[in-house]
Amino acid sequence: MFIDDLKNDFYSNLVGKRVLVIVNYDIDALCGSRILQALFQNDQILYSIVPIMGVSGLQRTYAEHRSDTKNIILINCGGCIDILETLQPEEDSVFFICDSHRPYDVCNIFNDGQIKILGKPNDDEGIPEFESIFRDSDSEEDSSEEDEDDEEGEQMTRMQKFEMKMERQRQKRIWEADRNRIMFEYSQFSYYGRSSALVLFELAWKLSKDTLDTLWWAIVGVTEQLVMGKIESAAYTLECNQIQSHVSRLSNKASNQSTQTAVRITFENDLHLAMYRHWSVQDSLRHSIQSACKMRLWTARGEKRLQELLVEMGLPLVQARQTFGAMDLVLRKEFYGMIEKLAEKYDLTDLIYGSFTLNYGYRFRYSAADYVYSLLANLESVGTDRLPEMCFLEAMDSLGRVNRAKLDGGLERAKHLLSGIFRQVQSCLEMHQVQSAGPFLYYILTEQNTLFCCPYSLTLLTQFILRAHVAASRSRRAPDLPLVASCPVDLERGIFLMIGIPPTREASPKNLFGRAFEQAAIKAAATISPDFFDTSCIQIRREDTERFLDALTVLLS
C-alpha cells in the first residue's frame, strides 16, 4: 500500500517506539539513512541501523532483530521482493519501504496492512489493476461451483453441468494467460525511480526539521543516480529544479545566522570530469568516461588530441599535471570557460551539466559528484581487514563536514579505482576481449582483481568498456548492443560476479537483464545467486558461465 502523507501515516507512528532501519549497501540508501538518523536523534527515537548487501542479508538481519521491534524501515531494499513470503513476519510487524528500485512487487503494492510504501506511484510505472492479477483461489471457486450446482439441482442435465464447468475452466485459462502477459510487461525491465534520500528529505521538510546538511545529503543521493546512469538526465534536471527552491529557502533562512558564512550550497554549470578540483586536469580528462571515450584517450592518437586540447585551452603542461588547487588562480577561474569554448570542436558537449557545489569555510569546495566518488570508493574498500559494516560506517561518517579527512581519503581511493578502470579498459580494447554473442556483447575478466569484486566498481568498468568499444568500433550495430561483463570474486570456489547494462543508444536506462538472467539460468540449468536487489547483477559459478551465456543468446535472439 502506498502512503503519500509521510508525516502522519509514517513518521507519527514511529514516535516513542523502537525502530529497525535496514539499509541497502548503496550511496542513495546511505544518504537517506543519514537523513533519517538526524530526524530520530532530534526526536529522541530509539533506532538501530543495519547495512545489508542482498536478500540473504535482509533475511539474516530480520531474524536477528525480529524480537526487538515491530517497526521496520527498509531503505532501497525489499520493494521488489514479496516481503511477507521472504521474511515470514509476525502479523503485528509493520514494514515501511522507501525503495528506488523498480518495479515494485505487486504483493507489496496491494497489501493493506503490514506493507507501507513511502511516496505515491508514478503513472509511468504501469502498475496493473488488482482484478487483472488477483482472483479467488481454486478451492474457493470449486466450493462456489458446488453451491451453484446444488442450487440449480435437478434443473440441469449432466451434459449442461459439464459444459458449464468446461466454460469456467476456459475462462480461467484466458484470465491466466492475460495475467501472465500483464505481469511480463510490468516486470520485464528493471529500472530506478525517485531517489530515496530525496523522499526522506521531503519528510524532514514537512516536519520543519530540514537543514542545509540534510538537503546536501539528498543532493548527493540524486547525483549518485546520475553519475551511475540510473536515471535519465531529463529526470535529474527536473529534480534539480525542485531542489533549487529548497536551496534558496534554506539559504535565506540562515542569512541572519552564523551558519551562512560557514556553509553554502550553490547551483551552477559544472563539468563531468571526475574529481577535477582534487586531481590534476590531465588525469581527470583521461580517467573520466565522457572525455576518454570521445577522444579515445587509450590510443596514441587520442593522447595527442588531449595535448592539442590543452594547448588550445592555453593550459601549460606543467599546470595541467599538477593538482587543480595548485594551479595559477587565473587559470583555475577560467578553466570552465576554456572547456566550454572548445567543447563543440572536440565533441565534448556532454561534459557540461548543472550541478550543486558545497562550500564551507573559505577553502573547502566539493561538488556533489566529488562526494559520490568518495562514498563509492569508501563503500567498496572491503578487504580482509575491512568488513563491509566498517566501510559503511566510514562512508556515513564522511558525509559529516567534521570528517573531512575521511572524505579526502575516499577521493584518493576513487582516483586509484578510476586509474585501474582506465588501465583495464585500455588492455581490454588492445587485446580485443569484447566478444559478440549476436544479440549482446560480453566481456569476461579471467584474473581476479580486487578492484572489481563489488557491484559499483564492476558497473563503472562495464559502462566504460561499452562506451569505449562503441567509440572504437566500426560496426553500425555496436551502439544498439547491450554488454554483459563478469569478474571472478573468488577464484578458489569458482564464483564470478556478472552484470548486464543496456545499449549506449538507449535513451532510457531500463535494463532487461534482470528477467533475462532468471530465464536463462532456468533454460541452462545453471546455478546463479540473484541475491542483489539490482536484478541485473548476479553471482554465477565458473563452470556454468558458458552454458548460461549460450542460453542467454538463444533467449535474446
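Biologist: Which residues make the nonpolar surface patch of about 320 Å²?
Modeller: Met159, Phe162 and Met166 make that patch. Keep in mind that this is a predicted model.

Biologist: Where is Met166 found?
Modeller: Met166 sits in helix 8, which covers residues 158-187.

Biologist: And why can Met166 count towards a patch?
Modeller: Patch residues need over 30% relative accessible area. Met166 has 37%, so it clears that cut-off. That makes Met166 partly exposed.

Biologist: New topic, the sheet. In what order do the three strands run?
Modeller: The order is 9-10-11. The sheet is open, and the pairing is antiparallel.

Biologist: Which ones are the edge strands?
Modeller: Strand 9 (263-271) and strand 11 (364-367). Each of them pairs on one side only.

Biologist: How are neighbouring strands turned against each other?
Modeller: By 30° on average, with direction ignored.

Biologist: How many bridges join strand 9 to strand 10?
Modeller: Nine. Strand 10 spans residues 352-360 and runs antiparallel to strand 9.

Biologist: What stands opposite Phe267?
Modeller: Phe356, in strand 10.

Biologist: OK, helices now. Which strands does helix 11 touch?
Modeller: Helix 11 (residues 233-253) packs on the sheet and touches strand 9 and strand 10. Its direction makes about 30° with that of strand 10.

Biologist: What about helix 18, which strands does that touch?
Modeller: Strand 10 and strand 11. Helix 18 (residues 368-379) also packs on the sheet. The direction of helix 18 makes about 80° with that of strand 11.

How values were computed. Residues are numbered from 1 along each chain as its sequence is written. This is a predicted model: local features need pLDDT of at least 70, side-chain atom pairs count only at pLDDT 80 or more; totals for chains, interfaces and linings use all residues. Side-chain values use heavy atoms; hydrogens and water are left out. Patches are made of residues with over 30% relative accessible area and no salt bridge: like charges are joined within 9 Å, nonpolar side chains (Val, Leu, Ile, Met, Phe, Trp, Tyr) within 5 Å. Accessible areas come from the Shrake-Rupley method with a 1.4 Å probe; for residues, only the protein chains shown count as cover. A salt bridge is a side-chain nitrogen of Lys or Arg within 4 Å of a carboxyl oxygen of Asp or Glu. Helices (H or I, at least four residues) and strands (E, at least two) are DSSP runs, numbered from the N terminus. Buried means under 20% relative accessible area, exposed over 50%, partly exposed in between (1.4 Å probe, protein chains only). Two strands pair if DSSP finds at least two bridges between them. Axes are lines fitted to C-alpha atoms, for helices over the stretch in contact, and angles run from 0 to 180 degrees between N-to-C directions. Contact means heavy atoms within 4.5 Å.
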